[in-house]
Amino acid sequence: MSKLNYYCQRGIAGNWLVFSCSMPIVANETPLLAVAGLAVAFFREGEFHRVTHDISFTLNPGELLGIVGESGSGKSVSSLAIMGLLPARFAHIEAGSITYNQHGQAVELTNLSPNEYRKIRGKEMAMIFQEPMTSLNPVHKCGEQVAEMIRQHYGNLAEEEIRSRVLALFEEVKLPRPVSLYNSYPHQLSGGQRQRVMIAMALSCNPRILIADEPTTALDVTVQAAILELLRELQQARQMGVILITHDLGVVAEVADRVLVMQHGRLVESGTVEDLFRRPQQAYTRGLIHCKPATRQRVARLLTVKDFLDQKQLPDQWPVSEQDRQASHRELYARRPILEVKNLCTYFSSKPFFWQTAKVVKAVDEVSFDLFPTETLGLVGESGSGKSTVGRSIIRLTEPIRGEIWYKGKDVLALKGDALREYRKQVQIIFQDPYSSLNPRLTVGQALAEPMAVYGLVDSPQKRLLRVQALLQQVGLDPDFYQRYPHEFSGGQRQRIVIARCLALEPETIICDESVSALDVSVQAQVLNLLKKLQNELQLSYIFISHDLSVIKHMSDRVLVLQHGQQMELGEADALYANPQTEYTRKLIAALPDQRFEAFLSQQ
């Protein structure tokens with residue numbers, strides 16, 4: 001047994017992070033994974049249609065391969081095919097091979113039976129899924145779900161050893177209060193915390209290949225940096241091959257060795273990070289690179305991939321000068337606020353169990369701010385800082401314990417019955433996960449028509465249908481999509497549907513809770529441009545919640561920084577980014593994985 005394998009075995013027994021070698025580990029020239037001519041087909045309208053075409057690439061030991069592309073380009077489908085997780089009734093591999101180098105022996109994965117695949121999946125090949133809330137079982141505690149994975153592949157371990165290993169994993173992925181979260185259910189965790197549980201589950205059996213499908217989507221920048229560093233450390237220590245699927249080109253530029261670019265189910269370009277970002281060969285790749293909001297310059301409109309593919313000359317981004325922005329703000333803040341929040345406090349407490357005392361978590365503690373008509377106020381902070389709780393408290397989905405909320409001169413906390421329903425009509429919210437926000441049993445048309453019927457805004461089904469089609473067109477979707485179900489849409493399309501549902505009630509204020517966090521950069525640019533366009537046309541006010549400071553800076557007039565439920569800093573977006581007043585804000589800005597990416601852009 002080699003020294004590397006010896007310490008990997010020791011890792012199974014509990015000291016899973018102790019990897020040591022007396023001599024440097026040299027990657028084998030044989031690829032760890034070889035995908036050749038992969039074609040996947042989905043069943044639709046009575047026959048199978050190919051969604052990926054002739055996908056070929058290799059993954060070497062110790063290599064981090066980044067895969068980027070727009071939503072629906074086939075990134076996740078290809079990874080599901082590699083993991084053997086395609087739904088058998090609705091999808092299959094039509095052509096190609098997937099060869100795994102299992103300790104020197106070539107294993108053709110497409111020929112394995114389900115039982116043979118299960119022995120490899122999870123233990124030697126693991127996957128971090130994109131949507132942690134729908135990936136975790138809501139009726140089982142988080143710790144037990146990770147323990148189940150270890151128990152499945154290492155059934156000879158004692159339960160205490162399994163529990164110790166899970167707690168060690170929770171600590172390594174920076175989960176606070178590991179013992180408490182071990183016994184918590186998924187709904188009791190924030191989005192970022194749930195994502196970290198999924199990462200811990202994927203790493204639990206020390207896989208040789210890790211497929212990370214948007215692993216940092218729901219994470220704030222500081223935890224994102226820590227998770228990426230952790231993945232890098234584990235990868236280098238064990239020569240683990242990692243396939244990183246992400247929409248964040250800043251992350252790709254920071255950590256990847258090679259990059260694959262996918263479009264419409266095909267590979268359009270590949271190369272090293274250096275070559276691809278400095279000298280992209282395809283217009284599609286150039287579009288992806290330039291879609292990301294830049295922190296060095298403020299523009300009124302972001303470029304999209306469509307601009308690069310359809311236009312011989314790129315449209316004007318409308319750079320915003322500091323003088324114009326100051327003049328706009330003088331006019332904006334000369335008006336009375338539409339929303340006033342004063343000393344808002346929202347606490348959560350657990351019920352005491354026998355001799356235990358109740359624990360109180362101060363999710364929001366003495367937060368105060370105003371929102372002006374047509375203003376965009378950004379809320380930023382780490383996962384668990386209270387951003388979403390502030391948004392939910394404002395519309396009273398979560399009841400504050402004290403403080404004041406005034407909307408257009410009315411005391412929101414005193415509203416009841418019809419008055420509260422009317423307030424919630426005027427103040428809408430876009431939730432973080434567009435898939436779980438839509439009822440899978442309702443068509444898009446039914447989902448959009450339902451709020452209009454509840455509030456009696458449109459008096460006939462025929463008129464509601466016309467209104468639904470107009471809303472879909474307003475958010476850039478085909479009006480005929482109203483007959484489709486949510487699962488038939490990509491993530492970006494589902495987010496547009498959720499925005500359309502908000503607009504159905506003609507609100508004045510919209511709370512955007514991580515509304516673009518799950519979108520690739522191109523679709524993100526389209527949605528951000530759409531939100532700005534709708535704001536100008538409909539005179540909307542936004543509270544924009546995000547962990548992405550580059551997005552916050554692009555969208556916001558002012559930014560409120562939260563930490564552990566407390567207000568750390570409130571100021572004009574450009575000034576706050578250029579000259580942060582607190583150490584915490586400086587830490588958030590420093591953790592952005594954009595420096596290398598923007599360095600590439602500046603040299604093009």
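Tyr 407 stands opposite Lys 410 in strand S16, and these two sit where S15 and S16 form a hairpin with two residues between them. Lys 408, in the turn, has a positive phi of about 50°. S15 and S16 pair in the antiparallel sense over two bridges; two strands count as paired if DSSP finds at least two bridges between them. Strands (E, at least two residues) and helices (H or I, at least four residues) are DSSP runs, numbered from the N terminus.

This is a predicted model, where local features need pLDDT of at least 70, side-chain atom pairs count only at pLDDT 80 or more, and totals for chains, interfaces and linings use all residues. Residues are numbered from 1 along each chain as its sequence is written, and side-chain values use heavy atoms, with hydrogens and water left out.

How sure is the predictor? The score to look at is pLDDT, the predictor's confidence in each residue, from 0 to 100. The protein averages 85, and 89% of the residues score at least 70. Over residues 1-28, though, the pLDDT is below 50, and this stretch has 40 contacts in the model beyond near neighbours in sequence. Contact here means heavy atoms within 4.5 Å. Where pLDDT is low, the predicted coordinates should not be read in detail.

Back to the hairpin's sheet. It is open, has four strands in the order S13-S12-S15-S16, and its pairing is antiparallel. Which strands are at the edges? They are S13 (360-371) and S16 (410-411), each pairing on one side only. Further in, five bridges join S12 (residues 339-349) to S15 (residues 402-407). Along that pair, Val 341 stands opposite Ile 405, and Cys 345 stands opposite Arg 402. Helix H15 (residues 387-394) lies across S12, S13 and S15, at about 115° to S12.

There's another open sheet, with six strands in the order S7-S8-S9-S4-S10-S11 and mixed pairing. Its edge strands are S7 (125-128) and S11 (266-272). Neighbouring strands are turned by 15° against each other on average, direction ignored. Inside this sheet, S4 (residues 64-69) and S10 (residues 258-263) pair in the parallel sense over five bridges, and Leu 65 has Arg 258 as its bridge partner in S10. Helix H2 (residues 75-83) packs on the sheet, and its direction makes about 150° with that of S7. Helix H12 (residues 283-291) lies across S4, S10 and S11, at about 105° to S10.

Now for helices packing on helices. Axes are lines fitted to C-alpha atoms, for helices over the stretch in contact, and angles run from 0 to 180 degrees between N-to-C directions.

| Helix pair | Angle | Axis distance |
|---|---|---|
| H17 (residues 444-455) and H19 (residues 491-503) | about 25° | 8 Å |
| H5 (residues 142-153) and H6 (residues 159-172) | about 120° | 9 Å |

H17 and H19 are therefore roughly parallel to each other, a label for angles under 35 degrees. H17 passes H19 in a right-handed crossing, and the crossing of H5 and H6 is right-handed too; that means the near helix is turned clockwise from the far one by less than a right angle.

What touches what? Val 444, Ala 447, Leu 448 and Pro 451 of H17 make the contact with Ile 497, Ala 500 and Arg 501 of H19. In H5, residues including Val 146 and Ile 150 meet a set in H6 that includes Ile 162 and Leu 169.

Methods. Angles under 35 degrees count as roughly parallel, over 145 as roughly antiparallel, 65 to 115 as roughly perpendicular and the rest as oblique.
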